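Colleague: I'm new to this one. Could you show me how to read a few of its features?

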Amino acid sequence: MNTNLWINPYIIGKPINKPEEFFGREDLFQFIEDSLNADTKFLLLHGQRRIGKSSVLEQFAHKVALQKFVFVYFDLQSHSNSSVSKILHDLAEEITEKLGLDSDIITLASFDEELKANSNRFSHEFLPKVYQKLGDKNLVLLLDEFDIVSSDNGILNQGNSFYIYLQLLLKQQTKLFLIPVVGRFKDDFQNLYQLFKSPPYQEVGLLNEISARRLIIKPAQGMLEYEEDAIKAILKLSAGHPYFTQAICFNLFLQAKIEEKSTVTSSDVQGIIDKTIESATGGLSWFWDGLSISEQVVFSAVAEAQKIAIKQKQSFPEDPLRLLKKHGVIQTELLTEATKKLAQKGYLDDTERRVKIELVRRWLVRCHPLNQEIYKLEEFETEEINNILEKVTQLSQNNKNQSVIDHYEEIFKLNPNYFSTLPVLAERYLKVANFEKALELYTRAYQVNPMHNKEGLLFAREAYGKNLIEQRELIKAKIQFEGVLETEPDRKSAQQQLIKIKAELVKQEAPLREVEEQLIKDRKKDSRTPTRQGVILGTIAAVIALVSGGIAVYRFLTPCSSGQEKVNGSCVLIQSNISRGDRTFFFTIPNTSRDQGIEAFKEGNYPRSAALFQNAVRDRNNKPDPEVLIYYNNAKAREKGNSLTLAVVVPADNSQNATQEILRGVAQAQNQFNANGGSNGRLLEIAIANDSNNPNKAKQVAQQLVNDKSVLGVIGHDSSEATQAALPIYKQAGVPIPIISSTSTANSLNGRNFFRTIPSDAASGEKLAQYAQNSALDKVVIFYNPQSTYSNSLREEFTNKFKGQIRKIDLTDPTLNIEQELKESASQQVQAVMLFPDVDHTSTALEIAKVNANNKLGLKLLGGDSLYHLQNLNEGNEAVEGLILAVPWFREAPQSQKFADSAEDYWRGGVSWSTATSFDATKAFIKSLSFNPSRQSILAGLPMIELSSEETSGDVLKFNKEGERQSKAILVRVKNGHFQCLQCSP
């Protein structure tokens, strides 16, 4: 069996125009036929996108058996902002061409200008000539993407001139019929429905089982045989949705071709699901992009509830709103309505607790998990909330705690699901000893993000427990510490408190039992007197006082846990997302010496803190911890006094790996500097700030750093989006804070206080363009995402530098057929494929590589650094052999090897490029330090610094006048399953 000769018969994302490739819809065509026979002038078809509406229109001539009608298909997709005259001109051109009419009917060259002057020429002159040629036949216009036509007042607005024109046209023309198709739901086209006087309408919905089975079996008949279980598995996944049925079968066919097999089993179907999700991303995304935020969150909740039910083998999933409540979400009217709207749109089944299409559910769980999507609820009332947050910043500086609390509460009135405020407000309530309110807020914060808010909740419980002990409420205190252990069973601080509470309760019970026994004896003797009763009551009071006194004593002797401070004898959370040694950002990494060092640091005992941090550096599996190494150097700097301070901003709570990589570079540079005595006897201190790669939080961090006058400069932020958000705040400070980015490549980042140690997208694009031209590649095809800043920027820079011919393909195009595009490119003598995916489309880029290899097209592969990961090597396998990438730093490059070796020795393992560029950023700041440095002096000094390759991670470090590093990207090639340096010379 030679499967290489097989051509994939399944069609993804493009209208089907061949009748033998179209299946089902018999009832729909019968409805249309009956309606036209009844002289119904306007029929409206509607349905979800990717449901096959365009294919239905393409099939009219084959499926509707009416001799007195001729059908002309016209796609309005490209006319979203066209004038009426432009649409009518192109429609006239389409009618003339499709019906094969004589050219004397219309002179198209001049007709455009004529229509601009008078649009009625279409109805009064053009259409009568068409009818004359058609004889006794009627003209039916099939208008695809009918809802795309817009006006200043918006799509489908009653004031839209094109729709008004059509309405009048239908009244005038007896031989004209319209069948438009809209990619909307019934409730979404009410204006259009009313404008055309409530016309008959029909939904283009899911295929019935018989039609779906034919769609699965017929196209590949003679090549593939589907087992019955496989067909059932496909139907379960697609629910009869033609696009997803085709997508699943398309990938099954590819897999069968590769494996040279002719039978499809149910296990084959299960094994192809992930690949199908990747290849059908465009169609799947439509289910998401048209939804409101509330609908998106509920949709994710339904998918998550189903996932839980399947895992727990429950027949009926949990109510999505109830599940949202468990995740800390307050139910709002919008969320309640969202469930109903999703059901009305056909996204959910009749129970409103299941996603109707299983493949969509799996995609939701994978690409839109609930714990990620609920944060979108913060986008409501954003402008008003940002104004309040600005006021809060000012009030915090003036220590007006109650006013701060009142303003935060105002935020929750505007948006009860503004989650970022939960832990912050909880800390505020904790400081004023409102423990119950603090616990309420921390509990919600923990439900929203357990990892990030676990410590806050536990600290709050412990603080409340200690306060209850002080108030002699031992039983209630016991409940709090038991609650701590339910969340973290091995927490020693809670265990110790429970031991003490139980001991005190035992002591308390013993004398009371003695008193009770004596009372029983006295009753038996019946000889009690008032005096005797007074003695007994006094004894009881004394016992209680003794017990209470003991509790009060050990309350003040108990030390606080890491991340807390003592306030009036109670431990409360330190309110800060910046640490110099007084807290850890890695609570999940156990390190006793580190925690003890933090306590000593908070107490100002810097010699002891430094000693403990030094022990803690290698506590973590004998691998140095960069955060702890920074704290060790900070303690030494504090001990010496008059330290110099820089800040590094990292996404500590949502990307620990990226944070560790950045901190390694900063810590290594700081440690070298301090070990050599610093500058004029002053050591370097590093403040670590966490912005979660969240633009709003990045602004808050930036404002805190601006307000902290000791901070001389900032390394960060990690993402371009976070940096973009924070940069204006650094710029607008009295004296702008210099900022050096080691990881953000966006070309849009700039300013006189902005520098960068990583090559920008411009450098990478230029490097790839030079390589292409030096390799005699004069015609390439670029696959990119025009919506991605990184991807589009890299595409633009390459295009500007490349002198040859370029085809551009949108990776996000829902109709993208990779095999067809590559074959068409090869037929046009394209020599290379430029892969510029953003991180969300790297899998699509790898699929392009695989299709190129499988079809033996021989196209060379080049790409950007988004593909520079070992995971992509493993997934791409032989298909990415020979792939050329432009990267910011490569450990095996001759100039990088010295630093790579020293860093590997430092950290007991290889380091990434972000470690190298962060090391260079720190070294740049160090080089700019003067005798008495200030923000202003550093800002003036950075443009003039020059670091040799011996002082950096490999390349000379010098900034140009735009603050860009004067270095080039490095080309690496995949060879034998490994990255190797290309064009490197010692």
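Modeller: Sure, let's start with a helix pair: the axes of helix 10 and helix 11 (residues 242-259) come within 9 Å and cross at roughly 135°. This is a predicted model, where local features need pLDDT of at least 70, side-chain atom pairs count only at pLDDT 80 or more, and totals for chains, interfaces and linings use all residues. Residues are numbered from 1 along each chain as its sequence is written, and side-chain values use heavy atoms, with hydrogens and water left out.

Colleague: What describes two packed helices?

Modeller: The angle between their axes and the distance between the axes. Axes are lines fitted to C-alpha atoms, for helices over the stretch in contact, and angles run from 0 to 180 degrees between N-to-C directions. Helices are DSSP runs (H or I, at least four residues), numbered from the N terminus.

Colleague: How are helix 10 and helix 11 oriented to each other?

Modeller: They are oblique (under 35 degrees is roughly parallel, over 145 roughly antiparallel, 65 to 115 roughly perpendicular, and the rest oblique). The crossing of helix 10 and helix 11 is right-handed; that means the near helix is turned clockwise from the far one by less than a right angle, and left-handed means anticlockwise.

Colleague: Which residues meet there?

Modeller: I234, L237 and S238 in helix 10 meet F244, T245, I248, C249 and L252 in helix 11, with contact meaning heavy atoms within 4.5 Å.

Colleague: Is L237 buried or exposed?

Modeller: L237 is buried, at 2% relative accessibility. Buried is under 20% relative accessible area, exposed over 50%, and partly exposed in between (1.4 Å probe, protein chains only). Leaving out residues up to four places away in sequence, L237 touches I248, V269, I273, I357, E358, L359 and R362. Its C-alpha atom is 8.3 Å from that of V360, 123 residues apart along the chain.

Colleague: And how do helix 22 and helix 23 cross?

Modeller: The axes of helix 22 (residues 421-431) and helix 23 (residues 435-448) come within 8 Å, crossing at roughly 160°. That makes the two helices roughly antiparallel, and helix 22 passes helix 23 in a left-handed crossing.

Colleague: How many disulfides are there?

Modeller: In general, a disulfide is a covalent bond between the sulfur atoms of two cysteines. Here the rule is a pair of cysteine sulfur atoms within 2.5 Å, and the count comes to zero. As for individual cysteines, C249 is buried at 0% relative accessible area, while C367 is partly exposed at 32%.
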